[in-house]
Amino acid sequence: MATNRTFTMLKPDAVEKGHIGAILEKISASGFRIVAMKLTQMTKADAEEFYAIHNERPFFGELVEYMTRGPIVAAVLEKDNAVEDFRTLIGATNPADAAEGTIRKMFADSISENAVHGSDSDDNAAIESAFHFAGRDMF
Ligand code: IDP
């Protein structure tokens, strides 16, 4: 069943560069309502579990190191067609391929450090939201 929620993380590079406000402004201006949000830092075990699907990939170690090196903003967003529309808003995984005006085009530097995460399916949005938030912390 399609849902109207997705999960995002503003990744350590975006937080380090002071882009939290600008990215949240763009998310809000694009019609997403924030229904859960926190500043947090993933442990190595957290990142290995969250990105388990990539654990055979050559960049897995680099990805875990990157995602755990500093705080992230985790959030759940609500909008009609949230998963697909948010993937459109963030742009391609590699910012070099991302469309003009997308968050990754505007705020990311490389395919590895690409500023923001967005769930790729309704099922993963639910799993990833529950990974970071208790039900009572989603509004
Ligand atoms: P997505 O975040 O656009 O869904 P995925 O393929 O699921 O992209 O990859 C998860 C994350 O792993 C990316 O956002 C990026 O941080 C990192 N990543 C993906 N491909 C590469 C790569 O080829 N080299 C280094 N890091 C990568």
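**Surroundings of H117, the ligand shell and helix 7**

Leaving aside neighbours within four places in sequence, H117 makes contacts with T8, M9 and K11 in this predicted model. H117 itself belongs to strand 4, which covers residues 116–118. The residue is classed as buried, because 20 other C-beta atoms lie within 10 Å and the threshold for burial is 20 or more. In the UniProt record, an unreviewed entry, H117 carries the feature "active site".

H117 is also one of the residues that surround the ligand. The remainder of this shell consists of F59, E62, L63, T93, I111, S112, N114 and D120. By character, the shell residues divide into 3 nonpolar, 4 polar and 2 charged.

On the scale of the chain, the same unreviewed UniProt entry lists residues 3–137 under "domain: Nucleoside diphosphate kinase-like". Helix accounts for 41% of this span and strand for 18%. The C-alpha atoms at the two ends of the span are 18 Å apart.

Helix 7 comprises residues 122–132, and its buried residues are A125, E128, S129 and H132. Viewed down the helix axis, these buried residues fall within an arc of 105°, and they therefore line one face of helix 7. Such an arrangement can be related to helix geometry: an α-helix has 3.6 residues a turn, so residues three or four places apart point the same way. The cover over the buried residues of helix 7 includes strand 1 (5–10), strand 3 (72–78) and helix 5 (82–90).

Two residues other than glycine were examined for their positive phi values. The first of these, N81, has phi near 55°, a positive value in a residue other than glycine. N81 is placed in the loop that joins strand 3 to helix 5. N81 counts as exposed because 12 C-beta neighbours are found inside 10 Å, and the limit for exposure is 12 or fewer.

The backbone of A115 likewise has a positive phi, near 75°, in a residue other than glycine. A115 occupies the loop between helix 6 (103–107) and strand 4. Unlike the exposed N81, A115 is buried, with 27 other C-beta atoms within 10 Å. The strand that follows this loop, strand 4, is the one that holds H117.

Notes:
Residues numbered from 1 in each chain as written. Predicted model: local features only at pLDDT ≥ 70, side-chain atom pairs only at ≥ 80, totals over all residues. Helix = DSSP H or I, 4+ residues; strand = E, 2+ residues; numbered from the N terminus. Arc of directions from axis to C-beta. Contact = placed C-beta atoms within 7 Å. Near = placed C-beta within 6 Å. Nonpolar A, V, L, I, M, F, W, Y, C, P; charged D, E, K, R; others polar. UniProt positions renumbered as here; feature names shortened; annotations may be inferred.
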